Amino acid sequence: MHEYIKERTLKIGHYFVETRNTVRTIAKEFGVSKSTVHKDLTERLPEINPELARQVKEILEYHKSIRHIRGGEATKIKYKQKTGKKKQEVSV
């Protein structure tokens, strides 16, 4: 494994544990794809730092357990914003 990949994996792992942000958010912040972030956290990190990988796994499992809730919230916000725009257009 290349050194820059190890460094990125460790940075992402530490950042993930500190912030508990979603994989999608971290991918945007680090300028990589969410597939890369997920691979770094689930496949590469256990080889580099098993203890950090254990902490990351707990957070990933938590995110997975609540994703149905977050998905519903995102949809609710999306449609709330759309109806707000339609009301503004009608009133103008």
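Reader: I have this model open. How many aromatic pairs does it hold?

Author: Just 1 aromatic pair is counted. The rings of Y15 and F30 have centres 5.6 Å apart and planes at 70°, so they are edge-to-face, as planes over 60 degrees apart are classed that way. Keep in mind that this is a predicted model.

Reader: Where in the chain do the two partners sit?

Author: Y15 belongs to helix α1 (residues 3–19) and F30 to helix α2 (residues 23–30). The two are 15 residues apart, and the pair links distant parts of the chain.

Reader: How exposed are Y15 and F30?

Author: Y15 has a relative accessible area of 25%, so it is partly exposed, since that class runs between 20% and 50%. F30, at 30% relative accessibility, is also partly exposed.

Reader: How should I think about the inside of a protein?

Author: In soluble globular proteins, nonpolar side chains tend to be buried together. Now for the case here. The largest nonpolar core has 13 residues, and those touching the most other members are F16, V37, L41, L45, V56 and L60.

Reader: Which helices supply this core, and which gives the most?

Author: At least two residues come from each of α1, α2, α3 (34–48) and α4 (50–91). Helix α4 gives the most, with 5 residues.

Reader: What does L41 touch, beyond its neighbours within four places in sequence?

Author: L41 is in contact with I12, G13, F16, P46, V56 and L60.

Reader: I12 is in that list. Is I12 buried or exposed?

Author: I12, which lies in helix α1, has a relative accessible area of 0%, so it is buried. Setting aside residues up to four places away in sequence, I12 touches I26, F30, V37, D40 and L41. You can also compare sequence with space: I12 and L45 are 33 residues apart along the chain, while their C-alpha atoms are 9.4 Å apart.

Reader: How do I describe two helices that pack together?

Author: Two packed helices are described by the angle between their axes and the distance between the axes. Try α1 and α3 here: their axes come within 9 Å and cross at roughly 100°. Angles of 65 to 115 degrees count as roughly perpendicular, so α1 is roughly perpendicular to α3.

Reader: Which residues make that contact?

Author: From α1 come I5, K6, R8, T9, L10, I12, G13 and F16. From α3 come T36, V37, D40, L41, R44, L45 and I48. By type, the contact of α1 with α3 has 8 nonpolar, 3 polar and 4 charged residues.

Methods:
Residues numbered from 1 in each chain as written. Predicted model: local features only at pLDDT ≥ 70, side-chain atom pairs only at ≥ 80, totals over all residues. Heavy atoms only, no water. Phe/Tyr/Trp six-rings, centres within 6.5 Å; stacked < 30°, edge-to-face > 60°. Helix = DSSP H or I, 4+ residues; strand = E, 2+ residues; numbered from the N terminus. Buried < 20%, exposed > 50% of the residue type's maximum accessible area, 1.4 Å probe, protein only. Core = buried A, V, L, I, M, F, W, Y, C linked by side-chain atoms within 4.5 Å. Contact = heavy atoms within 4.5 Å. Axes fitted to C-alpha atoms, helices over the stretch in contact; angles between N-to-C directions. Parallel < 35°, antiparallel > 145°, perpendicular 65-115°, else oblique. Nonpolar A, V, L, I, M, F, W, Y, C, P; charged D, E, K, R; others polar.
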